[in-house]
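Here is a walk through the model shown below, taking the chains, their contact and a few local spots in turn.

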Amino acid sequence: MCLQTWGGVIARILPMSGVMIEVADLRKQFGDLVAVDEVAFEARSGEIFGFLGPNGAGKSTTIGCLCGLITPTSGRIRILGHDVVTDGLASREQLGVVPQELALFEELSATHNLSYWGAAYGLRGAELNTRVLEVLEITGLVDRAKEPVKQFSGGMKRRLNLGCAIVHKPRVLLLDEPTVGVDPQSRVRLLELVRELVADGTCVLYTTHYMEEAETLCDRLAILDFGRIIAQGTLPELRGILGERDILRLSGTFAEEAVRHALDPLPDLEILQIEEDGLRLALAGASLRLPELFQALHGAGAEIRDTTVSQPSLESLFIKLTGKELRE
Amino acid sequence: MRAAGFLRLTAERDLRRLLRDPWKLGLWLCVPLLIGVLMTSVMGGAGGMKPQALLFIEDQDDTFLSGLLVNVFSSDQMSELVLIEHLDGEAALERLNDNDGTAFLRIPEGFGDAVLDETPVTLELVTNPAQSILPGILEETLSILRDAVFYIHRLFGPQLAIMREGPEPDEFTLADPVVAALSVGINKIAQDVSDYVDPLRLELTTVVDSVEDESDEEGLELEFSFFMFPSMLLMAMFFIAQGMSEDYWQEREQGTLRRYLYGPRRLRLLLGGKLLAALVLFLIIGVILFSIGYAYHGLRWSTLPAAVLWWSLGGLGVYALVSLVQLWASTRRAGSILTNTAMFPLLMLGGSFFPFEAMPDWMVAVGRWTPNGWILSELKPVLMDEADYAALAVNAVLLVLVTGALCWLVLRRLRKVAALP
């Protein structure tokens, strides 16, 4: 059986199993620089798969490989069973991409933008017109449909940017930090739109460096750093890496060596991060153990000004895994 | 949607975007028009006032020969260039001092006798120092007349001597045998030199002016504005091509070029759509501009379709060329600088800024090898209804092939530019 026939078989089987995106052993090297290394994950129908990582972690390179802009050095990527390298056109037909920067014809109206990109994916005639109207409804742009896009607000442009990516009803949607620079109201509307799409069975790959967004939106997450996935799973699974422990955040003045020495004897406590003006700890029953902690820190010469106890978050996990904050 | 349908849609999209910015389109057309009108005005074409010398003459001799000299300046051809006014010397010099005239010519008494005797005589020509070209023309004309007198004496010396002697003292007119001898002598000389001064032979040797003369026969009014007309069209073509080629950068900045790569359509369809939009635009603008030019210059309307088609195909080629230059640059600004750097010398050399007719021969020889020079050289015979259409068709095929090759290069470059982050 030839390669193409196998590809066709896989393309039929994978969606039945619900797997929409399949990435295995992905590696991309630019000269000596390894941008992405051994990246592997699967995303399914009706699922939001989050890609979390700081700038330069390899998120955009991975997205570039997924949509065929960048040819991988090695590894395999399949969109609904279609290999993006050997069967690029077929895989791109199933794909909708919302780039980080706006990609709109500013001189044209929302209707013309949507019509053009719909036609680019093969829609025509009544089907195209109906779908354009639907997307205008979904994105809340019906009233402004005939106006040139350059007259739109930033939030409206973001919604149209998403609309252009979904006008052809893609089964897989890649969103590359779609809420960067968006006002809170428009952000909420955008995230609602994404949830609605997922409810209809679309598979969404969502890259962001906003922790809260990833926590509230994504069903499963992969955390990237230096081109590698350092953790992957559902939010509870990822929280489990930290254990059933609270996160205690202290601000003040801390001497690293003395603090480490003072806290070392305390049981079931992990120092996540220590800086001159802040300390982050993971420990069970944090509020009950505050007196014990304060005493130890006082003995180490630390000056405490503020204390916060919280549930484990992605941010804490990221710090535990990478030793740095995501914004870095 | 089939590829052809998508091509049409892409072309429609580009044209629609262009129409949303009518100022840009207006600028592309107005700048060449403005330059053309200015150039034509400066060069004195387009029905404007032609330079004319005002010559004051004081004829102190008042003989047949001095009248003949005055008539030279008031003949049909010279009267377009020289306006004569009879004034005495004092008044004429006063007018010249007021810069109200070109020159003053005094024909002294005894001029006629001196010409017949071939003795020295001085014609006094006082020129206006505030003018340079027109006085020079008058001086040159007098110099030619002086040479003519010399040659007339060499040819008809004996006959002139007989005429100078006049009739016998007791006779009122020349005797019949003398008149007969004069006629025979003059006829013989005229026949002898006819091989050299035959008007047809002379016309053949002045080939440079033949185009204008023949066109006059066809009823075309060939002025500077006529020669400037195709040059203006070429200028407009370059401005349109450059303006449209900037759209690659605009699309890149807007992110739409990159979005295109995410989709299932091949990039060559996008390029095809852009070429189609450019061709449609060139055809529409071509029909409008050429129609205005044809009506203004009274050209043959039957040649309009060929002229518009050739101009549009040329425009497409120039568009492909300028697009390649644009995409070769690393930024929009660099692209703009590069295209301007390439465009303006081509416009200057290729007869688009100054018509070939107003350029030195060496520059014309170079200019005809430029793309616009070639397009212009093939366009002019079409306008004058003198085109060899079989040769034009061959050239059109050549133009399409060159444009195709340029588009292939543009596509290669476009792939790289579109994928840039």
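Helices and strands here are DSSP runs, with at least four residues for a helix (H or I) and at least two for a strand (E), numbered from the N terminus. Keep in mind that this is a predicted model.

## Chain A at a glance

By that count, chain A has twelve helices and 14 strands. Its C-alpha atoms fill a box of roughly 75 × 55 × 35 Å along the principal axes. The chain runs to 328 residues, and 55% of them count as buried. If you take contacts in chain A between residues at least 6 apart in sequence, 70% join residues at least 24 apart. On the outside, chain A exposes about 14,400 Å², with carbon and sulfur atoms supplying 50% of that area.

## How the chains divide

Chain A splits into domain 1 (3–238) and domain 2 (244–311). Measure between C-alpha centres, and those two domains of chain A sit 41 Å apart.

Chain B also comes with a domain 1 and a domain 2: domain 1 takes in 3–45 + 223–419, while domain 2 covers 53–216. In chain B, the C-alpha centres of the two domains lie 53 Å apart.

## Where A meets B

What does each chain bring to the contact? Chain A puts in 28 residues and chain B 23 residues. Together the two chains bury about 2,500 Å², and 61% of that is on carbon and sulfur atoms. On the chain A side, the residues that lose the most area to chain B are L69(A), E107(A) and Y116(A), which together make up 26% of what that side buries.

How many salt bridges cross the interface of chain A and chain B? The rule finds one. R17(B) and E107(A) meet in a salt bridge, at 3.1 Å from N to O. Both also belong to a network of salt bridges that links E107(A), R13(B), D14(B), R17(B), D247(B), E251(B) and K274(B). So E107(A) turns up twice in this story: it is among the chain A residues that lose the most area to chain B, and it is part of that network.

## Salt bridges within a chain

Side chains of opposite charge can pair when their charged atoms come close. Over all chains, the structure holds 33 salt bridges. One of them joins E12(B) to R8(B), at 2.7 Å from N to O. These two sit four residues apart in helix 1 (residues 3–19) of chain B, so about one helical turn separates them. E12(B) is partly exposed at 32% relative accessible area, and R8(B) is partly exposed too, at 45%.

Chain A has a pair with the same kind of spacing: E256(A) and R260(A) both lie in helix 10 (residues 256–263), four residues apart, or about one turn of the helix. Their closest N and O atoms are 3.3 Å apart in the salt bridge. E256(A) has 39% relative accessibility and counts as partly exposed; R260(A), at 35%, is partly exposed as well.

Then there's E292(A) with R289(A), a salt bridge whose closest N and O atoms are 3.3 Å apart. Is each partner buried or partly exposed? E292(A) is partly exposed, with 31% relative accessibility. R289(A) comes out at 14% and counts as buried, because the cut-off for that label is under 20%.

## A nonpolar patch and a buried asparagine

I230(A), I241(A) and L321(A) form a nonpolar patch on the surface, with about 200 Å² of accessible area together. I230(A) has its place in strand 10 (residues 228–234) of chain A. With a relative accessible area of 34%, I230(A) is partly exposed.

For a contrasting spot, look at N113(A) in helix 4 (residues 110–120) of chain A. Its relative accessibility is 0%, so N113(A) counts as buried. Which residues does N113(A) contact, leaving aside neighbours within four places in sequence? They are L104(A), F105(A), L108(A), V149(A), L160(A) and C164(A).

Key
Residues numbered from 1 in each chain as written. Chains lettered and ligands numbered in written order. Predicted model: local features only at pLDDT ≥ 70, side-chain atom pairs only at ≥ 80, totals over all residues. Heavy atoms only, no water. Salt bridge = Lys/Arg side-chain N within 4 Å of Asp/Glu carboxyl O. Buried < 20%, exposed > 50% of the residue type's maximum accessible area, 1.4 Å probe, protein only. Domains from an automatic or database assignment. Patch = residues over 30% accessible without salt bridge, like charges linked within 9 Å, V, L, I, M, F, W, Y side chains within 5 Å. Areas by Shrake-Rupley, 256 points an atom, 1.4 Å probe, with all protein chains shown as cover. Contact = heavy atoms within 4.5 Å. Buried area = accessible area lost by both parts, 1.4 Å probe.
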